[in-house]
Amino acid sequence: MDITLMQPPGLVVSPAFSHVAVVPPGATTIYVGGQNGVDDTGALVSDDAAEQSLRAVDNARVALEAVGAGLDDVISWTVLIHQDADLRAAYGAVASTLAREGAPPLVTAALVAGLGVPGALIEVSAVAAVIRG
């Protein structure tokens with residue numbers, strides 16, 4: 001019983017994302033709500049997109065670890081990036097953190113006019129799946 005991430009023939013092949021995830025019955029699915037680049041008091045860590053991105057992903061990691069999972073268990077990311085943010089800096093900061101063996105997770109990204117946390121430049125949410133044996 002495996003969790004499968006696929007890049008089916010006929011769709012673009014990218015090292016950054018897959019297109020389909022199959023989670024078998026019996027696996028535990030974990031949903032991580034939107035995480036911004038804030039510290040444990042809710043204050044933005046910086047006004048820099050790269051620093052906010054690193055912290056947002058680290059906050060998602062902390063949430064996953066709280067339930068016995070990790071970044072490698074993420075099957076799908078949703079990334080909201082403020083339209084004024086430096087997209088290359090934001091992605092460049094987290095690319096090596098998210099790199100892993102095998103097929104990459106699914107990714108949905110959007111540029112947005114604003115986020116719920118004033119001054120936030122990025123928000124990430126994740127879906128993870130683990131097979132507990």
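What volume does the second largest pocket have? In this predicted model, the volume of the second largest pocket is about 190 Å³. Its lining includes Ile3, Thr4 and Leu5, together with Asp72, Asp73, Val74 and Ile75, and further along the chain Arg100, Glu101, Gly102, Ala103 and Ala129. Strands β1 (4-6) and β4 each contribute at least two of these lining residues, and by class the lining comprises six nonpolar, two polar and four charged residues.

The largest pocket, in turn, holds about 570 Å³ of space. It is lined by 25 residues, of which Ala16, Tyr91, Val94, Leu98 and Val107 lie closest to its centre. At least two lining residues are supplied by each of α1 (49-65), β4, α2 (87-98), β5 (106-112) and β6, with the largest share, six residues, coming from helix α2. Divided by class, the lining of the largest pocket has 22 nonpolar residues, two polar residues and one charged residue.

Strand β6 (residues 122-130), which supplies part of the lining of the largest pocket, is mostly covered, with seven of its nine residues buried. Strand β6 runs antiparallel to strand β3 (residues 28-36), to which it is joined by seven bridges, and within this pairing Thr28 stands opposite Val130. Strand β4 (residues 74-82) is likewise antiparallel to β6 and joined to it by seven bridges; here Ile122 of β6 is the bridge partner of Ile81. Strand β4, besides pairing with β6, provides at least two residues to the lining of the largest pocket and at least two to that of the second largest pocket.

Note on methods. Residues numbered from 1 in each chain as written. Predicted model: local features only at pLDDT ≥ 70, side-chain atom pairs only at ≥ 80, totals over all residues. Heavy atoms only, no water. Buried < 20%, exposed > 50% of the residue type's maximum accessible area, 1.4 Å probe, protein only. Helix = DSSP H or I, 4+ residues; strand = E, 2+ residues; numbered from the N terminus. Pairing = 2+ DSSP bridges. 1 Å grid on protein atoms, 1.4 Å probe; cavity = no way out; pocket = protein on both sides within 12 Å on 5 of 7 lines; lining within 4 Å. Points joined across faces, edges and corners; volume = space filled by probe spheres on them. Nonpolar A, V, L, I, M, F, W, Y, C, P; charged D, E, K, R; others polar.
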